[in-house]
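This report describes disulfides and internal cavities, in that order.

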Amino acid sequence: MTPHPPHQPQGPGRPRRGGRRALGALAAVGLLVGALTAPAVAQAADGPELISNGDFSQGTTGWWWTENSPGSVVAGRLCVDVPAGTENAWDAIVGQNDIPLAAGEGYELSFTASATSPVTIRTNVQMATEPWTTEHSSADRIGSEAQTFTHVFTSNGDHEAAQLAFQIGGSEKAYTFCLDDVSLVGGAEPPAYEPDTGSPVRVNQVGYLTEGPKSGTFVTDKTSALTWTLKDASGATRATGTTTPKGVDPTSRQNVHTFDFGDFTKAGEGYTVTIDGETSEPFDIGDDLYASLRSDALAYFYHNRSGIEIDADLVGEKYARPAGHVGVAPNQGDTKVPCQPGVCDYTLDVSGGWYDAGDHGKYVVNGGISAAQVMSTYERTLTTENTGGEKLGDGRLRVPERGNGVPDILDEARWQMDFLMKMMVPQGEEFAGMAHHKIHDRAWTGLPLRPDQDPQPRELHPPSTAATLNVAASAAQCARLFEDHDARFAARCLTAAETAWAAAKKHPNKLADPDDGIGGGAYSDNDVRDEFYWAAAELFVTTGKDTYRQEILNSPLHGDTDAVFPRGGLSWGATAGLGALSLATVPNKLTDAQLKGVRAMVTEAADGYAADSRGTAYGVPYAPENNHYVWGSNSQVLNNMVVLATAHDLTGESAYRDAVLRGLDYLLGRNPLNQSYVTGYGERDSRNQHHRFWANQLDPDLPNPAPGSVAGGPNVEIQDPVAQDKLKGCAPAMCYIDDIESWATNEITINWNAPLAWIASYADDLGPGGPGDGDGQEPGDPDETPSCEVTYTSHRWNNGFTSNVTVKNTGTTTLGGWELAWAFADDQKITQVWNAQITQTGRNVVAKPVQWNGTIPTGGTVSFGFNGTASGQAANPTAISLNGKACTVK
Ligand code: 9MR
């Protein structure tokens, strides 16, 4: 037998944006595709046997191998000796050629294999020449006991002579690989994939806040109302009611009913709902359901840090790993990274930061928004009342910097901010001050692969306007948040922000190449007006400079709610809303009218998302046009929830809060697949997300994703081969599979976990989740005009000021107590108070009555005042709330 050493292609590549596939993509050696070792579906396909001599009764006839791994038949099996120390799976191969495949036909491949040292091999059925298109590719974990593997797949193309290739290289140790009973039978449609959706009674598998909304969905063919029964852990009935038939839900094509047990407010564990003989997964009712999610969702960032050892003392043995990409072989970076050929002639130290996702790329576009949303998780606790800022404080999270006096969440954000600023083009170069779009491996690597074991060369890709504005925006936010903790770092952030802004203005249209998607995602974006808006907003909030105000006001997006907050949600490609959220919540120098306009955009967008949530049978605040659930749809849901939660923070409207909580219900199990998309939360959680280190599905010695990792979720485009094999024709909200090879539906990334962290933090702050605003009205109802009016006047002198405040109760009921809250825009510090008790924390002020002025009758007023010091402008606050609800400010 003449060994036939085919040249193997590298780099699977990712689909480009727009759904086209890079050529290399299908040649997918490092790309990992659908390895369902599935005896359950091993039903023989119809058609002829396409492998000759699969039982080796004729010796090695028909089989070939690469020169470095010679084969022979031993005890009726084909065994090949694989050398130690090859780099890639395709560096050693045994296979068979001349296999005919027909487009649209189904095939069943099976084989029995063992290895003297456990190894993950790649099994491909592919073209035998360039472009090596793969029709099937799986990662198979081979152990010392012979095991039978069965895979079914459909061929997309017609091939006269395809090949079966067992790629068995890449092992540190030498070993012997043995094969028997290799069979490829073709012709019939493979059995359709049926997701296991468990109980048709769908609930939030974590639970419901004691005072919050409590609803679920029931999948049934029945069309008239049914009885639901809420039972406690002992099986005793605690409440009953009837379902509401909703007809066919277009996102799932299921006929559904909804049910609502919101009136039940007794905390406890292990509740279930039973309808028509079917029982839900168990869930809790309580005030404290999201405390661990808050810290787990944030721990995701430490786990995915580049350039630092992940410490077992912080994360436990199984998640510990050596530092990745610090220039220690076989890594080739990231301390001295060159550009792609022809892009630049310098190198940069771009070590540190967070890995983007399941791959080891580091991308500035989504890196910037991720850092921003982590920072906003913290900033919200500075600008909103009754928030648990201390839970994000020093010593509270799992970061190595704990105990340094700085809130841990800011330590985490700084790890990424440092990296983002390192991505800037040095002074003196043509694009000085811009940021390189991304840095990643030259070719796609395979799974599993610990970061420190990545052998690929790393490259800087050209600078882009979008990346530059991500740096400008996030660094501006960094500057204001670090001011109180590390003034030098804050100043560095501010300089970077303003430098980046100026560079973006100079090169306003330098777009990333949509075809630059080999070895890392393209993250291209041909509209950067939203990035300009976001960066201008953050720079304005931080500096108050009028030039940035003008940029905001002159932006074509300003005031256009649908453009700033697209119905399908904010994302790395639609960032304007991040700027609007900061303008609406962080004290700044917008005029009252300007601020009102920005807040109106937030509430108008939130009204839309709340209506979407009420309008769908699964309660999800996400209704993209034509139900086009996009790549990472769960993050779109989460970002809509951030807008809703901000509207709730601003107005106190319970309808906004309720839509956020229904969004959590959706993500944690109340959905068409009965899937909790967050690892470690709920009975049926995603745990095989696409990740090169958390790759337990491929290698039992590696961990599953850490708790608190949110999967991308349903994606109607199902670009990856596993999804294409299993999910063709899927209903939009069901285009998801918890398989490590499904990178288009089941990846995890920093920019999806960042809004999860924001929302978990918000939800934890809600405590029991109520009470509501009590009016039973939808937001925006005319009754919802503020029921208080505050007149705030100030007199300013050199280093000080005096302010007088009068609160008028313009509502219809007497107030038996009052608490007025606002945040100063400048550095005012109150030193002396009359007729009120005041506490000031940073910029946040809370005023409460003294003994005699606690009651304000309808139409009545209460006045108080204070003196203070200030070096800045000491502008009057424009947003003041009474007992948590916004007042009209005069
Ligand atoms: O999240 C990105 C999604 O919006 C794009 O449609 C997709 C294709 O370009 O890329 C996604 O981002 C991936 C990136 O390209 C590479 N790292 C993993 C990211 C999440 O899947």
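A disulfide is a pair of cysteine sulfur atoms within 2.5 Å. The structure is a predicted model, in which local features need pLDDT of at least 70 and side-chain atom pairs count only at pLDDT 80 or more, while totals for chains, interfaces and linings use all residues. Residues are numbered from 1 along each chain as its sequence is written, and side-chain values use heavy atoms, with hydrogens and water left out.

**Disulfides**

A search of the whole structure yields 5 disulfides. With the bonded cysteines of the protein numbered in sequence order, the pairing reads 1-2, 3-4, 5-6, 7-8, 9-10. Three of the links are set out below.

| Disulfide | S to S distance | Torsion about the S-S bond |
|---|---|---|
| cysteine 339 and cysteine 344 | 2.0 Å | about 100 degrees |
| cysteine 478 and cysteine 493 | 2.1 Å | 45 degrees |
| cysteine 730 and cysteine 735 | 2.1 Å | about 105 degrees |

The torsion of cysteine 730 and cysteine 735 is about 105 degrees, so this disulfide is right-handed. The link of cysteine 339 and cysteine 344 is right-handed as well, and so is that of cysteine 478 and cysteine 493. The latter pair links distant parts of the chain: cysteine 478 belongs to helix H6 (residues 465-482) and cysteine 493 to helix H7 (residues 487-506), 15 residues apart. Helices here are DSSP runs of H or I with at least four residues, numbered from the N terminus.

Buried means under 20% relative accessible area, determined with a 1.4 Å probe on protein chains only. Cysteine 339, at 8% relative accessibility, therefore counts as buried. Cysteine 730 is buried with a relative accessible area of 17%, and cysteine 735 is buried with 1%. Both cysteine 478 and cysteine 493 are buried too.

**Cavities**

On a 1 Å grid over the protein atoms alone, a cavity is a set of points where a 1.4 Å probe fits but cannot get out, and its lining residues have an atom within 4 Å of a point. Grid points are joined across faces, edges and corners, and a volume is the space filled by probe spheres set on the points.

The whole structure holds 5 cavities of 30 Å³ or more, and the largest has a volume of about 220 Å³. Its lining comprises 19 residues, of which Ser376, Leu581, Ser582, Thr585 and Trp758 lie nearest the centre. At least two lining residues come from each of helix H4 (364-383), helix H8 (529-543), helix H11 (576-585) and helix H13 (633-651). H4 supplies the largest share, 6 residues.

By class, the lining of the largest cavity consists of 7 nonpolar, 8 polar and 4 charged residues. Nonpolar covers Ala, Val, Leu, Ile, Met, Phe, Trp, Tyr, Cys and Pro, charged covers Asp, Glu, Lys and Arg, and the others, Gly among them, count as polar.

Notes:
On a 1 Å grid over the protein atoms alone, a cavity is a set of points where a 1.4 Å probe fits but cannot get out, and a pocket is an open set with protein on both sides within 12 Å along at least five of seven lines; lining residues have an atom within 4 Å of a point. Buried means under 20% relative accessible area, exposed over 50%, partly exposed in between (1.4 Å probe, protein chains only).
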